[in-house]
Amino acid sequence: MLIENYHTMENSITNALSKAIDYPIYRSTLTDLIAQGKSSGNEQSEEILQYSILNESRMNRLDKTIKVYEEIQSKIMAIPTPYTWLVLSEGWCGDAAQILPIMHKMAELNPNINLKLIFRDENPELMDQFLTNGGKAIPKLLILNSEHKVVADWGPRPAGAVKLIADYKAEHGVVDEPAKTALQMWYLHDKGLSTQQELIDIMSDLESK
């Protein structure tokens, strides 16, 4: 990495961490915005508000029902090294609504994992350094070590969901409402397993280095 890019990254991380919030505050912030007829993010519309309302309902359900699988639970609890999971997100994002409750449940199992959330549109410099195929796709997880250096990243969705959307776009040319419905059904049937497995694989790989 060029020195200039390194300093840009360092400054972006420092700035983001100064604004980062924990999961309960993230949830309550979104609830408060919805009560005002708003969504998080720069763009406001009735459609985006409706997505935010739907996502709040999804997250309420997942907070109550999502389980960390036993094998993954034992692995996450055994991680001895401190990490920060810094996640770029927004309330209107359907993938974030499915994934953040999983991250929260996993992080709760180990005090060495500190889950922090930031809003994508409030952190453009950082988001621009972690684009997906040129786009600002979220949620985007940045795994930071104790010195706040990015040691790994993940997102915006698990591999099976990525394939579903890629296949649909290849066939239909767009990602429309039927595609979004199919994606939500994929998450429903997957029950969080793919996200949990991919995250613990990353963490295990970090610990083995």
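**Notes on a predicted model**

1. P156 is a good place to start: it lies in the loop between β4 (150-154) and α7 (159-172). Here helices (H or I, at least four residues) and strands (E, at least two) are DSSP runs, numbered from the N terminus. The peptide bond leading into this proline, from G155 to P156, is cis, with omega near 10 degrees.

2. Some ground rules before going on. This is a predicted model, in which local features need pLDDT of at least 70, side-chain atom pairs count only at pLDDT 80 or more, and totals for chains, interfaces and linings use all residues. Residues are numbered from 1 along each chain as its sequence is written, and side-chain values use heavy atoms, with hydrogens and water left out.

3. Now the overall layout. The protein has 9 helices and 4 strands, and read from the N terminus they come in the order α-α-α-α-β-α-β-α-β-β-α-α-α. The radius of gyration is 17 Å, close to the 17 Å that the globule rule gives for 209 residues, so the protein is as compact as a globular protein of that length. (That radius is taken over C-alpha atoms, and the rule is 2.2 Å times the number of residues to the power 0.38.) Along the principal axes, the C-alpha atoms fill a box of roughly 40 × 40 × 35 Å.

4. What about inside and outside? Buried residues make up 44% of the 209; buried means under 20% relative accessible area, exposed over 50%, and partly exposed in between (1.4 Å probe, protein chains only). The protein exposes about 10800 Å², with carbon and sulfur atoms supplying 54% of it. Those areas come from the Shrake-Rupley method with a 1.4 Å probe, and for residues only the protein chains shown count as cover.

5. On contacts (heavy atoms within 4.5 Å): among those between residues at least 6 apart in sequence, 76% join residues at least 24 apart.

6. Helix α3 deserves a look. For its 20 residues (46-65), 1.5 Å a residue gives an expected span of 28 Å, and the end C-alpha atoms are 29 Å apart, which agrees. The expected span is 1.5 Å times one less than the number of residues. Which residues of α3 are buried? They are I48, L49, S52, N55, E56, R58, M59 and L62. An α-helix has 3.6 residues a turn, so residues three or four places apart point the same way. The cover over the buried residues of α3 includes α2 (23-35), α5 (94-108) and α8 (177-190).

7. There is another cis bond to check. The peptide bond from I138 to P139 has omega near 5 degrees and is cis. P139 sits in the loop between α6 (124-127) and β3 (140-144).

8. That loop between α6 and β3 also holds N133. N133 is not a glycine, yet has a positive phi of about 50 degrees. Is N133 buried or exposed? Its relative accessibility is 83%, so N133 counts as exposed.

9. H148, in the loop between β3 and β4, also has a positive phi, near 65 degrees, in a residue other than glycine. H148 is partly exposed, with a relative accessible area of 40%.

10. Finally, helix α9 (residues 193-208), where D205 lies. D205 counts as partly exposed, at 39% relative accessibility. D205 and C93 are 112 residues apart in sequence, and their C-alpha atoms are 28 Å apart in space. S194 is in helix α9 as well. Which residues does S194 touch, leaving aside its neighbours within four places in sequence? S194 is in contact with P158 and W186. S194 and N15 are 179 residues apart along the chain, with 31 Å between their C-alpha atoms.
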